[in-house]
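This report describes helix packing, aromatic pairs and selected side-chain environments. The sequence and the structure are shown first.

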Amino acid sequence: MTTLARRAVSRRQRPLWMLAPGGVLLLVVIVLPLAVAVLVSTLDLNQYTLRQWTDAPGVGLDNYVKAWQETALPHAIWVTVGYAVIVTVAAVPLGLVAALATQQRFAGRGLVRSAFLIPYVLPAFVVGTVWRTILLPSGPANGLLGEQYLWLNGPRAYWVLVLAQLWTSWPLLYLLALSGLQGINDDVHEAAALDGAEWWAKLRYVILPHLRGVLGLGMVIEFLHVLNSFTLPYVLFGVPAPHDVEVLPVLTYVESFQNFKFGLSAAMAVLSLVLVAIPLSVYLRAVRLNRDED
């Protein structure tokens with residue numbers, strides 16, 4: 001092989017070598033743990049067989065059947081998906097309004113923008129502790145209302161979870177909407193002003209179409225983030241969680257680290273992954289269709 005041919009082969013192979021570190025990282029961080037989780041979900045793994053987990057008896061798909069029939073998994077999925085949808089839908093107008101309010105320059109804009117980010121940058125443990133302190137039977141909420149409401153148990157607990165999660169999640173949509181607004185060319189705003197477009201018409205026909213992709217991505221990220229939220233419900237309600245707020249991540253934790261049913265909890269984790277993959281695949285499909293139309 002001549003020197004010129006060797007150089008041509010080397011140039012063709014160079015991009016593959018550049019992808020090798022990312023491929024190894026993907027294998028170690030994602031593929032191998034996922035393979036182990038799927039394997040564990042097919043084993044009768046508990047506190048008695050954990051030390052020799054490779055020799056644990058296989059049960060096939062029994063853990064998946066037990067997770068669906070013998071645990072609160074269907075209820076946990078219903079609660080988790082329901083409150084994730086509510087939080088995601090409510091976060092969109094909050095984030096959009098905050099972005100529109102802070103887009104133009106005014107005195108103290110930097111301070112207002114920083115204040116809007118406080119709920120997002122606070123650790124979930126801190127947020128859960130603060131909300132739990134406020135809503136205790138002897139906490140400030142009942143003190144202001146003059147009543148002894150049970151905020152952290154019963155039907156009110158569900159809406160407490162929605163409110164606390166919304167408070168800490170909406171700044172993500174605010175950041176994405178703000179970045180999308182800054183990406184709109186000034187000529188577009190000037191053309192709308194020359195056409196005499198009113199504020200509502202400008203928002204509907206100019207701004208929102210430009211933000212469709214950003215808000216769509218933000219809604220998917222927000223939904224997946226809430227769907228996998230563990231720390232906030234765990235700190236806010238403790239374990240075992242009340243029936244109305246028994247979300248899927250906390251239920252998986254209880255089955256694994258309190259009931260020591262590791263095979264069963266691994267099956268729940270795999271089912272959670274399937275649940276997460278559904279909205280993600282729908283979003284990627286929508287993006288692909290939009291690209292094909294363009």
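## Helical spans and side-chain contacts

Residues 76-102 are 96% helix and 0% strand, with 38 Å between the end C-alpha atoms of the span. The coordinates come from a predicted model. The UniProt record, an unreviewed entry, gives residues 76-102 as one of its "transmembrane region" features; the others it places at 16-40, 114-137, 157-177, 214-237 and 262-284. Two of these spans are set out below.

| Span | Helix | Strand | Distance between end C-alpha atoms |
|---|---|---|---|
| Residues 76-102 | 96% | 0% | 38 Å |
| Residues 114-137 | 83% | 0% | 32 Å |

Helix 3, which covers residues 73-101, packs with helix 11, residues 248-257. The angle between them is about 150°, and their axes are 8 Å apart. On the helix 3 side the contact is made by L73, A76, I77 and T80, and on the helix 11 side by L248, P249 and L251. Six of the residues in this contact are nonpolar and one is polar, while none is charged.

Aromatic side chains form a further set of contacts. The whole structure holds 11 aromatic pairs. In one of them, W131 and W167 meet edge-to-face, with 6.3 Å from centre to centre and 70° between the planes. W131 belongs to helix 5 (residues 124-135) and W167 to helix 7 (residues 156-182), so this pair ties together parts that lie 36 residues apart in sequence. Are the two partners buried or partly exposed? W131 is buried, because its relative accessible area of 15% falls under the 20% cut-off. W167, at 32% relative accessibility, counts as partly exposed, because this value lies between the 20% and 50% limits.

Ring pairs also link F230, Y234, Y253 and F257 into a cluster. Elsewhere, a charged side chain lies over an aromatic ring: R156 is placed over the face of W151, at 6.0 Å from the ring centre.

A second arginine, R113, is found in helix 4, which spans residues 109-121. Which residues does R113 touch, not counting those up to four places away in sequence? They are T102, Q103, Y174, L178 and Q182. R113 counts as buried because its relative accessibility is 19%, under the 20% cut-off.

Methods
Residues are numbered from 1 along each chain as its sequence is written. This is a predicted model: local features need pLDDT of at least 70, side-chain atom pairs count only at pLDDT 80 or more; totals for chains, interfaces and linings use all residues. Side-chain values use heavy atoms; hydrogens and water are left out. Axes are lines fitted to C-alpha atoms, for helices over the stretch in contact, and angles run from 0 to 180 degrees between N-to-C directions. Helices (H or I, at least four residues) and strands (E, at least two) are DSSP runs, numbered from the N terminus. Contact means heavy atoms within 4.5 Å. Ala, Val, Leu, Ile, Met, Phe, Trp, Tyr, Cys and Pro count as nonpolar, Asp, Glu, Lys and Arg as charged, and the others, Gly among them, as polar. Buried means under 20% relative accessible area, exposed over 50%, partly exposed in between (1.4 Å probe, protein chains only). Rings of Phe, Tyr and Trp (its six-membered ring) pair if their centres lie within 6.5 Å; planes under 30 degrees apart count as stacked, over 60 as edge-to-face and the rest as tilted. A charge sits over a ring if NZ of Lys or CZ of Arg is within 6 Å of the ring centre and within 35 degrees of the ring normal. UniProt positions are given in the numbering used here, feature names are shortened, and annotations may be inferred rather than shown by experiment.
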